[in-house]
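Visitor: I should like to be guided through this structure by way of questions. May we begin with one helix and then turn to its surroundings?

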Amino acid sequence: LKNALNLFYKLLTMFSVIMPFISEEINSILFKQFKELKSLHLEKWPKPYEKISESLANEGKLGIEIIKFLRMLKSKSQIPLNQEIKNVILISDSKQLKNIESLKEDIRNTIRIKNLDIIDKSTENTIKEKPDLKQNLDDLNIGVYLFRN
């Protein structure tokens, strides 16, 4: 949440050039209590993030693609986006498991999944329960088992 607010503040600073009054009003409502400046227009111009590695950026792109795909599956299954899903299993090859595992909490919280399991393709045959929906995200070589309730 802290990073999201930081990003929003930087965007608000940039918008203040083209939308000065509304930007200042939003700043006074949301950020005035945390900042010592009298006006958003006295803030220094934001600098780009330089500490983000390419591997971290690629991991973020992977997370975005998985979340986008799961949202599409929820929509396709006529499940409201705010409704919790009982269980989702993501199946991938061993070289991608570590990246997906590091995104597990973000995926689970964004899609509202009660239980999210990430397993290796070699153990796919051990899944006993029949999923309500089984789809593949072919571009990323990821299989998805979705259990509604």
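Guide: Certainly. Please keep in mind that this is a predicted model. In helix H3, the buried residues are Leu 62, Gly 63, Ile 66, Ile 67, Phe 69, Leu 70, Leu 73 and Lys 74.

Visitor: Which elements cover the buried residues of H3?

Guide: A residue counts as buried when its relative accessible area is under 20%. The cover over the buried residues of H3 includes both helices and strands. Among the helices are H4 (94-102) and H5 (104-111). The strands include S1 (85-92), S2 (113-120), S3 (133-137) and S4 (142-147).

Visitor: What distance separates the end C-alpha atoms of H3?

Guide: Helix H3 has 23 residues, and at 1.5 Å a residue it should span 33 Å. The distance in the model agrees with this expectation, for the end C-alpha atoms are separated by 33 Å.

Visitor: Which residue with a positive phi follows H3?

Guide: The residue in question lies in the loop between H3 and S1. It is exposed, because its relative accessible area is 71% and the cut-off for exposed is over 50%. Its phi is near 60°, a positive value in a residue other than glycine. The residue is Gln 78.

Visitor: What is the phi of Arg 112?

Guide: Arg 112 is placed in the loop between H5 and S2. Its relative accessible area is 40%, so Arg 112 counts as partly exposed. Its phi is positive although the residue is not glycine, with a value near 65°.

Visitor: How many aromatic pairs does a search of the whole structure find?

Guide: One pair joins Phe 8 and Phe 31; it is tilted, with 6.0 Å from centre to centre and 35° between the planes. Phe 8 belongs to helix H1 and Phe 31 to the loop between H2 and H3, 23 residues apart, and the pair therefore links distant parts of the chain. Ring pairs link Phe 8, Tyr 9 and Phe 31 into a cluster. For the whole structure, the number of aromatic pairs is 2.

Visitor: Is Phe 31 buried or exposed?

Guide: The cut-off for buried is under 20% relative accessible area. Phe 31 has a relative accessibility of 6%, so Phe 31 counts as buried.

Visitor: What is the angle between the planes of Tyr 9 and Phe 31?

Guide: Tyr 9 lies in helix H1 and Phe 31 in the loop between H2 and H3, so this pair ties together parts that are 22 residues apart in sequence. The ring centres of Tyr 9 and Phe 31 are 5.0 Å apart. The pair is edge-to-face, and the angle between its planes is 70°.

Visitor: Which residues does Asn 27 touch, not counting those up to four places away in sequence?

Guide: Asn 27 is found in helix H2. With a relative accessible area of 3%, Asn 27 is buried. Beyond its neighbours in sequence, Asn 27 touches Tyr 9, Leu 12, Lys 32 and Leu 40.

Visitor: How far apart are the C-alpha atoms of Pro 46 and Met 14?

Guide: Pro 46 is found in the loop between helix H2 and helix H3, and it is buried, with a relative accessible area of 17%. Not counting residues up to four places away in sequence, Pro 46 touches Lys 10, Thr 13 and Met 14. Although Pro 46 and Met 14 are 32 residues apart along the chain, their C-alpha atoms are separated by 7.7 Å.

Visitor: Which helix gives the most residues to the nonpolar patch?

Guide: The nonpolar surface patch covers about 1200 Å², and its members include Leu 7, Met 14, Trp 45 and Leu 56. Leu 7, for example, is partly exposed at 43% relative accessibility. With 4 residues, the helix that gives the most is H1.

Visitor: How many residues apart are Glu 129 and Lys 86, which meet in a salt bridge?

Guide: In this salt bridge, the distance from N to O is 3.7 Å. Glu 129 is in the loop between S2 and S3, whereas Lys 86 is in strand S1. The pair links distant parts of the chain, and the separation is 43 residues.

Visitor: What separates Arg 108 and Glu 105 in helix H5?

Guide: The side chains of Arg 108 and Glu 105 meet in a salt bridge of 3.0 Å, N to O. Because the two are 3 residues apart in helix H5, what separates them is about one helical turn.

Technical notes: Residues numbered from 1 in each chain as written. Predicted model: local features only at pLDDT ≥ 70, side-chain atom pairs only at ≥ 80, totals over all residues. Heavy atoms only, no water. Buried < 20%, exposed > 50% of the residue type's maximum accessible area, 1.4 Å probe, protein only. Contact = heavy atoms within 4.5 Å. Expected span 1.5 Å × (residues − 1). Patch = residues over 30% accessible without salt bridge, like charges linked within 9 Å, V, L, I, M, F, W, Y side chains within 5 Å. Areas by Shrake-Rupley, 256 points an atom, 1.4 Å probe, with all protein chains shown as cover. Salt bridge = Lys/Arg side-chain N within 4 Å of Asp/Glu carboxyl O. Phe/Tyr/Trp six-rings, centres within 6.5 Å; stacked < 30°, edge-to-face > 60°.
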